[in-house]
Amino acid sequence: MHHRASLKVVLLVGLAALALAGCGGGGAEAPPAEPAATVDPATAGTISGRISLDGEAPAADAIQMAADPNCARMHDSPVMTEFVIAGADGGLQNAFVYLKSGIGGYFPPPAEPVVLNQEGCIYLPHVFGIQVGQELQILNSDQTLHNIHATPAANQEFNIGQPVMGMSTTRTFDTVEVMVPFKCDVHRWMNSYVGVLDHPYFAVSAADGSFSIGNVPPGDYTVGVWHERLGEQEMTVTVGELATVDASFVFTAAE
């Protein structure tokens with residue numbers, strides 16, 4: 001009888017030890033988090049430039065919103081497509097510019113979320129960037145149903161509905177991907193793109209085609225640019241201490 005009791009105690013102790021190990025209490029310690037990269041502002045430089053279009057941009061089309069009267073009544077004049085937007089002097093808007101290579105170290109995602117808003121049955125912004133692990137806050141500012149359908153190649157696809165004005169949903173991306181498209185299956189004209197990177201060195205060209213990427217450590221980099229209709233380009237640059245380097249790109253309009 002005493003032998004059976006002792007055996008039972010040994011078994012219970014062994015099971016407890018296994019359970020503790022399974023919960024991490026007796027196993028190997030988790031590897032430490034990678035230290036954050038440090039950038040010395042006393043030596044960091046800037047990469048800036050202008051994205052321009054050589055040739056005439058295709059004419060924008062008026063978006064037909066009559067299928068959803070809630071969308072149509074939000075606008076006094078037609079809303080135009082945003083596929084290629086170029087100014088009179090050729091400045092190309094909504095090009096995503098980023099550092100493709102040369103960046104070292106780990107950059108923790110910012111605590112501040114990036115906001116993708118649905119307003120006037122349009123995604124705002126049309127093109128934007130975000131870091132891996134950074135929160136994307138998706139808002140519905142319209143009195144109508146929207147759904148947000150992300151169709152990535154490397155990240156996880158998601159498709160969420162927001163039937164009520166004021167709804168907010170948060171998502172994150174797990175891996176680098178340039179670019180992730182968004183669409184609304186309810187309103188087929190709605191589209192947007194996000195560039196997902198593991199560092200903060202990206203920008204979107206403004207209405208005049210200009211962009212600037214600051215706080216870049218001295219070094220050699222590959223600068224990439226992406227446009228939803230005109231494709232991609234890249235160039236190599238060297239950033240010296242406190243230097244401002246030009247990385248301008250020219251796209252050719254389709255004939």
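Is Cys121 buried or exposed? Select Cys121 to start the tour: at 0% relative accessibility, it counts as buried. Keep in mind as you click around that this is a predicted model.

**Stop 1: the cysteines**

Keep Cys121 on screen and add Cys71. The two form a disulfide, with their sulfur atoms 1.9 Å apart. Look along the S-S bond and you'll find a torsion of -75 degrees, which makes the link left-handed. Now colour by secondary structure. Cys71 sits in helix 2 (residues 69-72), while Cys121 is in the loop between strand 3 (114-119) and strand 4 (122-124), so the pair ties together parts that are 50 residues apart in sequence. Cys71 is buried as well, also with a relative accessibility of 0%.

Next, bring up Cys184. This residue takes part in no disulfide; the nearest cysteine sulfur belongs to Cys121 and is 7.9 Å away. Cys184 counts as buried too, at 2% relative accessibility. The disulfide count for the model is 1.

**Stop 2: zoom out**

Switch to cartoon for the whole chain. You should find 2 helices and 17 strands. Of the 255 residues, 38% are buried. If you like contact maps, here's one number to go with yours: among contacts with a separation of 6 or more, 64% are between residues 24 or more positions apart. Turn on the surface, and you have about 13800 Å² of accessible area, 55% of it belonging to carbon and sulfur atoms.

**Stop 3: an open sheet**

Back to cartoon, and pick out strands 12, 2, 14 and 15. In that order, these 4 strands form an open sheet with antiparallel pairing. The edges are strand 12 (202-204) and strand 15 (231-239); each has a single partner strand, so one side of each is left without a neighbour in the sheet. On average, neighbouring strands here are turned by 25 degrees against each other, direction ignored.

For a closer look, select strand 2 (residues 96-101) with strand 12: they run antiparallel and are joined by 3 bridges. Phe96 is a handy one to label, with Val204 in strand 12 as its bridge partner.

**Stop 4: salt bridges**

How many salt bridges does the count come to? There are 3.

Stay on the sheet for one of them. Select Glu234 and Lys100, whose closest N and O atoms are 2.7 Å apart in a salt bridge. Glu234 belongs to strand 15 and Lys100 to strand 2, so to speak two distant parts of the chain, 134 residues apart, are linked here. Glu234 is exposed at 52% relative accessibility, whereas Lys100 is partly exposed at 40%.

Then move to Asp89 and Arg50, where the side chains meet in a salt bridge at 3.2 Å, N to O. This pair also links distant parts of the chain: Asp89 is in the loop between helix 2 and strand 2, and Arg50 is in strand 1 (residues 45-54), 39 residues apart. Asp89 is exposed, with a relative accessible area of 57%, while Arg50 counts as partly exposed at 28%.

Another pair to select is Asp185 with Arg188, a salt bridge whose closest N and O atoms are 4.0 Å apart. Asp185 is partly exposed at 25%, and Arg188 is exposed at 67%.

**Stop 5: a glycine to finish**

Select Gly104, in the loop between strand 2 and strand 3. Gly104 is exposed, with a relative accessible area of 52%. Then add Pro217 and draw a distance between the C-alpha atoms: you'll get 9.6 Å for two residues 113 positions apart along the chain.

Definitions and conventions
Residues are numbered from 1 along each chain as its sequence is written. This is a predicted model: local features need pLDDT of at least 70, side-chain atom pairs count only at pLDDT 80 or more; totals for chains, interfaces and linings use all residues. Side-chain values use heavy atoms; hydrogens and water are left out. Two strands pair if DSSP finds at least two bridges between them. Axes are lines fitted to C-alpha atoms, for helices over the stretch in contact, and angles run from 0 to 180 degrees between N-to-C directions. A disulfide is a pair of cysteine sulfur atoms within 2.5 Å. Buried means under 20% relative accessible area, exposed over 50%, partly exposed in between (1.4 Å probe, protein chains only). Contact means heavy atoms within 4.5 Å. Accessible areas come from the Shrake-Rupley method with a 1.4 Å probe; for residues, only the protein chains shown count as cover.
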